[in-house]
Structure formats: C-alpha cells, structure tokens
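Reader: I've got a model open and I'd like to learn how to read its features one by one. Could you walk me through it?

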Amino acid sequence: MDYSQFFNSALNLLHEERRYRVFADLERIAGRFPHATWHSPKGSRNVVIWCSNDYLGMGQHPKVVGAMVETATRVGTGAGGTRNIAGTHHPLVALEAELADLHGKQASLLFTSGYVSNQTGISTLAKLIPNCLILSDALNHNSMIEGVRQAGCERQIFRHNDVAHLEELLIAAGPDRPKLIVCESLYSMDGDVAPLGKICDLAEKYGAMTYVDEVHAVGMYGPRGGGIAERDGVMHRVDIVEGTLAKAFGCLGGYIAGKAEVIDAVRSYAPGFIFTTALPPAICSAATAAIRHLKTSSWERERHQDRAARTKAILTAAGLPVMSSDTHIVPLFVGDPEKCKRASDLLLEEHGIYIQPINYPTVAKGTERLRITPSPYHDDGLIDGLAEALLQVWDRLGLPLHQKSLAAE
C-alpha cells in the first residue's frame with residue numbers, strides 16, 4: 001500500500017483551499033529588532049518584522065540575554081529530565097515564585113509552552129471536579145478548546161464576550177452543579193478584550209470558577225504587567241490565571257497561577273506536566289529577568305501603546321481597512337485567502353516587510369486578514385514605509401480602500 005498518497009491528498013487539499021503554509025527563513029538580529037535577515041531563495045536580505053508576538057522586544061533585552069548566558073555558563077543547558085525524576089532546578093523555583101507574585105496568587109506551575117499549559121491545565125482541573133460543566137467562550141484559542149475536549153466533561157459554548165448568554169447558561173446549570181468558566185482576556189486576532197469584571201460578577205453570583213488566559217496581555221497591561229485582570233482591578237477575583245513567557249517576556253514556556261491547593265493538584269495529576277522534561281535553567285533565568293524588569297519599567301508598555309496607536313492612525317488615514325481594536329493588535333481586513341497570501345508575499349518580496357497572512361482555520365472564512373503588531377522599536381519612518389507599501393500592494397491586487405476605517409463605521 002502506498003501510504004504517501006494519504007499525506008499528498010491532505011496536502012493537496014490545503015493547496016486547493018489556499019491554506020497551505022510556507023515559513024520564511026528569518027534570522028533576528030539582537031539589538032536591531034524589528035530588523036532581521038531573510039534567507040530567501042535568491043539570497044539573504046534585510047527585512048522588517050511586523051507580526052512578531054515578541055511584543056515588547058524583550059527577546060533582545062540586555063538583561064534577558066545576559067541572564068540566559070550567565071545561567072547557561074554557570075549550570076549548563078538542559079534541565080536533565082522531568083521534575084519528578086531530575087528534581088527542580090533552582091532557576092525554575094525562582095521563576096514560579098516570580099509568576100505567583102506577578103499575579104498576586106499563592107502559587108504557580110510552569111509548563112513547556114502556553115499551549116500545553118492550557119491543554120493540560122484545563123483538562124486536569126475539570127477532571128478533578130466531579131460533574132463539572134465547562135462554559136467556554138466561542139472564540140477561545142485552539143489550546144483551550146483542546147483542553148476542554150480532553151477534559152471529557154459536558155461543555156457549553158457561550159457567544160463571544162456575551163455575558164447575557166453566559167448568564168443564561170449558568171442559570172440553566174443550576175446552583176449546585178460545579179461550573180468552570182474559561183475565556184481569554186485579550187483575543188489576539190481581533191484585539192478585543194473580555195469583560196472580566198462582569199464575568200467575575202456572574203461567577204460569584206452563580207458559584208463558578210474562572211480560568212482566564214492572559215497570554216496576549218501579560219507584561220503589557222497593568223501597572224506591573226500582570227495583564228488585563230490587573231489593569232481592570234479584578235486579579236483577586238480570577239481563580240486561575242494562565243499566561244505565557246513566549247510573547248511579551250520574550251522567552252519560552254507557559255504557566256498557570258492560583259491557590260496553592262489548586263496548583264498542587266494540577267502538579268500532582270497533570271500528564272502534560274508529569275511526563276515532560278522541564279524548561280532549561282537558562283530560559284527560566286531569562287524569563288525571570290524579563291518579568292522583574294517589566295514589573296518596574298513602564299517605558300516599554302507606554303511606548304508600545306504609542307506605536308500601536310500611531311500605526312492605526314496612519315493606516316486609517318491612508319484609507320486602509322483597519323479593523324476595530326482597542327488594544328495593540330492592528331488587524332487589516334482582506335477577506336480573501338488567496339489575496340491575503342499574495343499580499344503577504346508581495347510585502348516580503350518587493351518591500352522587505354514581513355507580515356504573515358491570517359487565514360482559516362485561525363480566523364473564519366471570509367475574514368482573512370493581515371495581523372500587524374507594532375513594537376516599541378517601530379519608529380515613525382518604519383510606520384510610514386509600511387503604509388506606503390500596503391497602498392501599493394492594495395492597488396496591485398485590486399483590494400478596496402476606505403475613506404475611513406472599519407473602526408469608524
């Protein structure tokens with residue numbers, strides 16, 4: 001039997017649906033972010049990255065790089081195995097304490113990625129709660145969806161950010177049934193924010209636990225970078241906070257934080273934690289350095305918001321279809337998967353601008369877009385150059401312009 005035919009058929013389907021993904025071979029340059037070297041088929045050339053989730057450029061910060069190098073030199077590279085076998089190295093202990101403090105929680109637990117922390121955290125929590133009903137926002141990330149599925153519990157989906165619908169489901173569940181509400185604080189494709197205060201009100205009124213994914217907000221919102229929950233003054237009302245070290249903190253890893261007994265239970269039961277090698281000491285030290293810096297430094301957050309606001313203003317003034325967003329995410333509507341991919345290719349090949357296309361299944365069909373994420377290091381010249389390049393690409397592809405942005409309509 002020719003097994004290759006199955007895989008070729010699957011790949012051909014992606015090509016036909018214009019969903020086949022091609023990765024650019026990029027080499028970031030510490031100290032020059034957002035500039036990078038693109039190793040293209042025609043040779044190396046300089047490009048500007050406009051879609052990185054290293055939102056604050058902390059991946060190149062001297063304190064972060066220095067902590068990683070110093071720790072690797074002092075203690076070596078790998079963690080030596082799972083924490084159950086190899087023990088827990090001290091930089092990881094320090095990092096978990098730093099994360100618990102960041103969110104005002106009793107304890108935290110580190111995972112190898114934000115995906116794993118959601119997938120394993122949600123499923124383990126729900127399995128430990130008898131007859132648990134999971135109430136999940138319709139636009140939750142795939143990692144949360146997989147965590148909900150793997151829990152094996154009854155689940156109900158409430159309309160995105162619709163607290164009235166959530167309340168209907170809570171009432172129908174009854175006061176005695178255990179309930180777990182799972183949502184994100186900041187949704188990264190549209191850039192909108194969950195009404196965390198109202199969700200906490202409902203959780204308290206109807207006896208539900210809350211699990212909030214803050215991966216696109218930690219480091220970036222709140223006085224110390226604790227996220228939207230800190231900014232909105234509801235951190236103490238959220239039962240479990242989930243976050244990442246791979247975005248605003250510029251490193252790698254995911255985590256959950258909450259009451260000591262909750263975290264200890266996940267630590268003791270979660271397969272995705274128990275059977276996985278721990279993060280290396282150098283990464284943990286680098287992440288700790290990033291968190292400590294952003295707890296006290298507001299320059300990165302303030303500059304970042306300024307750059308995002310200017311990018312939105314310049315693109316909107318140019319007539320480009322900027323989608324409504326109250327956060328640092330700048331989505332640019334395309335609405336066609338083939339043209340979205342072509343726009344991305346033209347920007348990279350002809351203008352040295354790297355922005356990945358966002359197509360189905362990441363977003364719904366017909367809502368394809370370019371997702372732009374300015375950093376504190378995108379200066380006025382780069383923003384103006386982006387607008388000019390986008391206008392040329394829009395004209396080349398026959399994409400519509402607007403006299404005013406979608407946000408203003």
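**Reading the model**

Author: Sure. Start with burial: Cys251 has a relative accessible area of 16%, so it counts as buried. Keep in mind that this is a predicted model.

Reader: Okay, cysteines then. How many disulfides does a search of the whole structure find?

Author: The general idea is that a disulfide is a covalent bond between the sulfur atoms of two cysteines. Here the search of the whole structure turns up zero. Take Cys200, which is in no disulfide: the nearest cysteine sulfur belongs to Cys183 and sits 8.1 Å away.

Reader: And why is there no bond for the sulfur of Cys251?

Author: Because the closest cysteine sulfur, in Cys284, is 9.2 Å off, and that's too far for a bond. The cut-off to hold it against is 2.5 Å between the sulfur atoms.

Reader: Is Cys200 buried or exposed?

Author: Buried, with a relative accessible area of 2%. The cut-off for that word is under 20%.

Reader: Next, helix packing. At what angle do H7 and H8 pack?

Author: In general, two packed helices are described by the angle between their axes and the distance between the axes. For H7 (residues 163-173) and H8 (residues 196-206), the angle is about 10 degrees and the axes are 10 Å apart. That makes the two helices, H7 and H8, roughly parallel. Their crossing is right-handed.

Reader: Which residues in H7 meet H8?

Author: On the H7 side you'll find Val163, Leu166, Glu167, Leu170 and Ile171; they meet Lys198, Ile199, Leu202, Lys205 and Tyr206 in H8. Sorted by class, the contact of H7 with H8 has seven nonpolar residues, three charged and no polar ones.

Reader: Now the backbone. Which peptide bond has omega near 15 degrees?

Author: The one from Phe33 to Pro34, and it is cis. Pro34 sits in the loop between strand E1 (26-28) and strand E2 (35-40). Another cis peptide bond runs from Tyr360 to Pro361, with omega near 10 degrees. You'll find Pro361 in the loop between strand E15 (357-358) and strand E16 (369-372).

Reader: What about phi of Asn131?

Author: Check the sign, then the residue type. Phi of Asn131 is near 55 degrees, a positive value in a residue other than glycine. Asn131 is in the loop between helix H5 (114-127) and strand E5 (133-137), and at 53% relative accessibility it counts as exposed.

Reader: And where does Asn161 lie?

Author: In the loop between strand E6 (154-158) and H7. Its phi is positive too, near 60 degrees.

Definitions and conventions. Residues numbered from 1 in each chain as written. Predicted model: local features only at pLDDT ≥ 70, side-chain atom pairs only at ≥ 80, totals over all residues. Heavy atoms only, no water. Buried < 20%, exposed > 50% of the residue type's maximum accessible area, 1.4 Å probe, protein only. Axes fitted to C-alpha atoms, helices over the stretch in contact; angles between N-to-C directions. Helix = DSSP H or I, 4+ residues; strand = E, 2+ residues; numbered from the N terminus. Parallel < 35°, antiparallel > 145°, perpendicular 65-115°, else oblique. Left-handed = near helix turned anticlockwise from the far one by under 90°. Contact = heavy atoms within 4.5 Å. Nonpolar A, V, L, I, M, F, W, Y, C, P; charged D, E, K, R; others polar.
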